[in-house]
Amino acid sequence: MIREEKKSELRKCAICGKPYIEKKVENKFLNRTFFIAPCDCEEKLEQEKKAYSESFKRYKKSLKDANFPFDTNGKRLKTRTCENVEIARQYVESFKPRTRQGLYFVGSVGNAKTTLAVCIGKELIKKGYRVKFVVFSQAIRILQSTYGTKNPLDFMEQVKDFGKYDLLIFDDFGREAYKDRTLTDVADFVNYLYSNKNNVIITSNPEMVEKIKQIPDFDAMFDRFFQMTKRVDFKKSSYRRIAE
Ligand SMILES: [Zn+2]
């Protein structure tokens with residue numbers, strides 16, 4: 001960085017304090033004094049500012065793409081006190097994409113399970129990972145929209161589009177209806193996620209789990225989901241997001 005002589009306070013680096021190098025230029029055309037930076041502190045600071053603003057933009061974009069159903073009121077995993085929060089913290093801490101390391105949150109309505117899953121997702125986005133939140137029945141609807149004209153992707157392209165995320169959060173697993181093609185579609189989807197070594201967090205109600213256990217081929221279909229996740233039970237029911 002080169003400055004022309006102007007204010008005396010500009011004659012040293014504002015960051016490291018080293019004085020600028022004074023250079024007089026006197027020739028046919030010029031008779032002026034320039035000050036040359038002795039360091040690259042200011043360039044580095046500019047680069048840092050740029051990198052910071054870019055990562056902030058990326059964070060906002062990823063957050064939008066994740067499609068969380070609510071904000072976690074700015075309360076972070078660090079300061080949270082709800083049930084199983086320690087498991088969530090450890091999960092974020094040791095997270096590695098494509099390792100099939102998932103969580104299966106089971107508890108009745110009003111537990112912190114969805115909130116905790118969203119918190120994990122947000123923390124991972126801050127670390128630069130790609131996260132997608134989707135109610136499981138909605139994921140099936142998106143997959144099956146490929147049979148119509150509204151979705152430009154075909155079924156497997158849509159499956160792979162889900163598979164590109166570092167973490168998939170499937171909320172409210174078990175509420176979907178299994179009829180017609182849904183059984184094979186879901187089986188194909190789960191098989192792909194398994195072979196792609198995706199990391200998933202599934203939230204579900206105990207009653208819903210019992211209900212879908214009745215469907216034929218349940219074990220064959222969801223065995224892989226359960227192989228990809230570690231079950232975490234939520235027992236307290238007093239938790240309310242708003243009251244926090
Ligand atoms: Zn400097």
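This section describes the zinc site, two helices, a strand residue and several salt bridges in a predicted model.

The zinc ion is held by four cysteine sulfur atoms, namely the SG atoms of Cys 13, Cys 16, Cys 39 and Cys 41, at 2.2 to 2.4 Å. Along the chain these donors follow the spacing C-x2-C-x22-C-x1-C. Cys 13 and Cys 39 link distant parts of the chain, being 26 residues apart. Cys 13 belongs to the loop between β1 (2-4) and β2 (21-26), whereas Cys 39 belongs to the loop between β3 (31-36) and α1 (41-66). Both Cys 13 and Cys 39 are buried. The angles among the four donor atoms run from 106 to 113 degrees, and the site is tetrahedral. For four tetrahedral donors the ideal angle is 109.5 degrees.

Helix α2 spans residues 85-93 and includes Val 85. The buried residues in α2 are Val 85, Ala 88, Tyr 91 and Val 92. Viewed down the axis of α2, these residues fall within an arc of 120 degrees, and they therefore line one face of the helix. The buried residues of α2 pack against two strands given by range, β4 (102-106) and β7 (199-204), and also against β6 and helix α3 (113-126). For Val 85 the relative accessible area is 9%, so this residue counts as buried. Beyond residues up to four places away in sequence, Val 85 touches Leu 77, Arg 80 and Leu 116. Val 85 and Pro 38 are 47 residues apart in sequence, and their C-alpha atoms are 50 Å apart in space.

Helix α2 also contains the salt-bridged residues Arg 89 and Glu 86, which are separated by about one helical turn because they are three residues apart in the helix. The closest N and O atoms of this pair are 2.7 Å apart. Both partners are partly exposed, with a relative accessible area of 24% for Arg 89 and 43% for Glu 86.

Helix α5 covers residues 155-163, among them Gln 158. At the start of α5, a side-chain oxygen of Asp 154 reaches to within 3.2 Å of the backbone nitrogen of Met 156. Phe 155, Gln 158, Val 159, Phe 162 and Gly 163 are buried in this helix. Their directions, seen down the axis of α5, fall within an arc of 150 degrees, so the buried residues line one face of the helix. The elements against which the buried residues of α5 pack are the strands β5 (131-135) and β6 (167-173) and the helices α4 (136-144) and α6 (182-195). Strand β6 is thus a packing partner of the buried residues of α5 and of those of α2.

Gln 158 counts as buried because its relative accessibility is 6%, and the cut-off for burial is under 20%. When residues up to four places away in sequence are not counted, Gln 158 touches Ile 142, Leu 143, Thr 146, Asn 151 and Leu 153. Of these, Ile 142 and Leu 143 fall within the residue range of α4 (136-144).

Strand β8 (residues 229-233) contains Val 232. With a relative accessible area of 2%, Val 232 is buried. Apart from neighbours within four places in sequence, Val 232 is in contact with Asn 84, Ile 87, Leu 103, Tyr 104, Phe 105 and Val 106. The C-alpha atoms of Val 232 and Asn 196 are separated by 23 Å, and the two residues are 36 residues apart along the chain.

Side chains of opposite charge can pair when their charged atoms come close. In the model the count comes to 10 salt bridges, including one between Arg 231 and Asp 233, whose closest N and O atoms are 2.9 Å apart. Arg 231 is partly exposed at 47% relative accessibility, and Asp 233 is likewise partly exposed, with a relative accessible area of 30%. Another salt bridge joins the side chains of Lys 213 and Glu 210, with an N to O distance of 3.8 Å. Lys 213 counts as partly exposed at 43% relative accessibility, as does Glu 210 at 46%.

How values were computed: Residues are numbered from 1 along each chain as its sequence is written. This is a predicted model: local features need pLDDT of at least 70, side-chain atom pairs count only at pLDDT 80 or more; totals for chains, interfaces and linings use all residues. Side-chain values use heavy atoms; hydrogens and water are left out. Helices (H or I, at least four residues) and strands (E, at least two) are DSSP runs, numbered from the N terminus. Buried means under 20% relative accessible area, exposed over 50%, partly exposed in between (1.4 Å probe, protein chains only). Contact means heavy atoms within 4.5 Å. Donors are N, O and S atoms within 2.8 Å of the metal (3.2 Å for Na, K and Ca); water is not among the atoms, so sites may look incomplete. Four donors count as tetrahedral if all angles lie between 85 and 135 degrees; four count as square planar and six as octahedral if opposite donors are over 155 degrees apart and all others between 65 and 115; anything else is irregular. A salt bridge is a side-chain nitrogen of Lys or Arg within 4 Å of a carboxyl oxygen of Asp or Glu. The arc is that of the directions from the helix axis to the C-beta atoms. A polar contact is a pair of N or O atoms within 3.5 Å; within protein, one must be able to donate a hydrogen and the other to accept it, and residues adjacent in sequence count only if both atoms are side-chain atoms.
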